[in-house]
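This report describes selected local features of one protein chain. The sequence and the structure come first, and the notes follow under short headings.

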Amino acid sequence: MRIATWNVNSITARLPRLLAWLESSGTDVLCLQEAKLAEAQFPFDALRERGYEAAVHATGRWNGVAVISRAGLDDVVKGLPGDPGYDGVVEPRAISATCGPVRVWSVYVPNGREVDHAHYAYKLQWFEALKAAVAGDAAGSRPFAVLGDYNVAPTDDDVFDVAAFEGLTHVTPAERAALASLREAGLSDVVPRPLKYDHPFTYWDYRQLAFPKNRGMRIDLVYGNAPFAQAVKDAYVDREERKGKGASDHAPVVVDLDV
């Protein structure tokens, strides 16, 4: 079974690439982030023509998550119980579904913006709500994973130059502590192998030639429980999909399971 996570940075802008990638990669389940459209605009028909169902939690604008599956799609849950919301709005940042023998969450963790910004406090509160929401599945006997754009680099090795991030979000002790707390729920980091260079970065800014210079970050993560981690046969970053005109600024992370 092949499961992937990908922040597409607008499904409208990326739809031809998305459809082509699903076919060429042979992916069974895709956890998608930053749909950037309303659920009614989601390309259900185009996916159905290729054998995929989709569960979507999206309201337009900047967020939106989905689970796309050709392995079944059951027990869908949209949003997090206890979601703190931001500025009075509960944003569409999490969705879960059972896809055959595996249960997954697709998550788009808040960015945090700046350390002294209210969005940073929201990010940490959101992590607490996520941990509470996934604890039951994480402790279960079924393969289970939380996949998505976490907007946190777990270690200094997960950024091209940690000095470049001094005083910025994504690398702060509090954010990394939130990741560590999530792992304490019974999840471990399924670290993919890079297809090029030494580090499996998953995100490269569009600016300043970040991609060709490999000035990246590993912020798209797969956190699986013990049955999931034990079933992993391979995991890699599909760096090729970050290349070329019209690419997302994130690359898919692909995990192969023997289930």
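## Asn9 and Asn151

Asn9 counts as buried, with a relative accessibility of 10%. In this predicted model, Asn9 is placed in the loop that runs between strand E1 and helix H1 (11–25). The phi angle of Asn9 is near 55°, a positive value in a residue other than glycine. Most residues other than glycine have a negative phi.

A positive phi is also found at Asn151, again near 55° and again in a residue other than glycine. Asn151 belongs to the loop between E8 and H4. The relative accessible area of Asn151 is 5%, so the residue is buried.

## Helix H1

H1 has 15 residues, yet only 18 Å separates its end C-alpha atoms. A straight helix would reach 21 Å at 1.5 Å a residue, and H1 falls short of that. There is a bend of about 40° in H1 at Arg17. Just after the helix comes Gly26, with a positive phi of about 70°.

The buried residues of H1 are Ile11, Arg14, Leu18, Leu19, Trp21, Leu22 and Ser25. Among the elements that cover them are E1, strand E2 (29–33), helix H2 (44–48) and strand E14 (253–257).

## Arg2 in strand E1

Arg2 is part of strand E1, which spans residues 2–7. Leaving aside neighbours within four places in sequence, the contacts of Arg2 include Ser25, Gly26, Thr27, Asp28 and Val29. Arg2 is also in contact with Tyr236, Val254, Val255 and Asp256. Two of these names recur from the helix above: Ser25 is among the buried residues of H1, and Gly26 comes just after H1.

From Arg2 to Cys31 the sequence separation is 29 residues, and the C-alpha atoms are 11 Å apart in space.

## Cysteines

How many disulfides does the structure hold? The count is zero. A disulfide is a covalent bond between the sulfur atoms of two cysteines. For Cys31, the closest cysteine sulfur is that of Cys99, at 7.1 Å, which is too far for a bond. The cut-off applied to a pair of cysteine sulfur atoms is 2.5 Å. Seen from Cys99, the closest cysteine sulfur is in Cys31, again at 7.1 Å and too far for a bond.

Cys31 is buried, at a relative accessible area of 0%. Cys99 counts as buried too, because its relative accessibility is 1%.

## Helix H3

H3 covers residues 118–138, 21 residues in total. From first C-alpha to last, H3 reaches 29 Å, close to the 30 Å expected at 1.5 Å a residue. H3 nevertheless has a kink of about 30°, centred on Ala132.

Which residues of H3 are buried? They are His119, Tyr120, Tyr122, Lys123, Trp126, Phe127, Ala129, Leu130, Val134 and Ala138. Their cover includes three strands, E6 (94–99), E7 (102–108) and E8 (144–149), together with helix H4 (173–183).

## Pro84

Pro84 lies in the loop between strand E5 (74–78) and E6. With a relative accessibility of 34%, Pro84 counts as partly exposed. Not counting residues up to four places away in sequence, Pro84 touches Tyr122, Gln125, Trp126 and Ala129. Tyr122, Trp126 and Ala129 are among the buried residues of H3.

Pro84 and Thr98 are 14 residues apart along the chain, with their C-alpha atoms separated by 25 Å.

## Aromatic rings

The structure holds seven aromatic pairs. Phe127, Tyr150 and Tyr223 form a cluster through ring pairs. Of these, Phe127 is buried in H3.

Another ring, that of Tyr108, has the charged end of Arg93 over it, 4.9 Å from the ring centre.

## Tyr203 in strand E10

Tyr203 lies in strand E10, which spans residues 203–204. Is Tyr203 buried or exposed? At a relative accessible area of 17%, Tyr203 is buried.

Leaving aside neighbours within four places in sequence, Tyr203 is in contact with Gly216, Met217, Ile219, Asp220, Asp249 and His250. Between Tyr203 and Lys233, 30 residues apart in sequence, the C-alpha distance is 23 Å.

Definitions and conventions: Residues are numbered from 1 along each chain as its sequence is written. This is a predicted model: local features need pLDDT of at least 70, side-chain atom pairs count only at pLDDT 80 or more; totals for chains, interfaces and linings use all residues. Side-chain values use heavy atoms; hydrogens and water are left out. Rings of Phe, Tyr and Trp (its six-membered ring) pair if their centres lie within 6.5 Å; planes under 30 degrees apart count as stacked, over 60 as edge-to-face and the rest as tilted. A charge sits over a ring if NZ of Lys or CZ of Arg is within 6 Å of the ring centre and within 35 degrees of the ring normal. Helices (H or I, at least four residues) and strands (E, at least two) are DSSP runs, numbered from the N terminus. The expected span of a helix is 1.5 Å times one less than its number of residues. The bend at a residue is the angle between axes fitted to the seven residues ending there and the seven starting there. Buried means under 20% relative accessible area, exposed over 50%, partly exposed in between (1.4 Å probe, protein chains only). Contact means heavy atoms within 4.5 Å.
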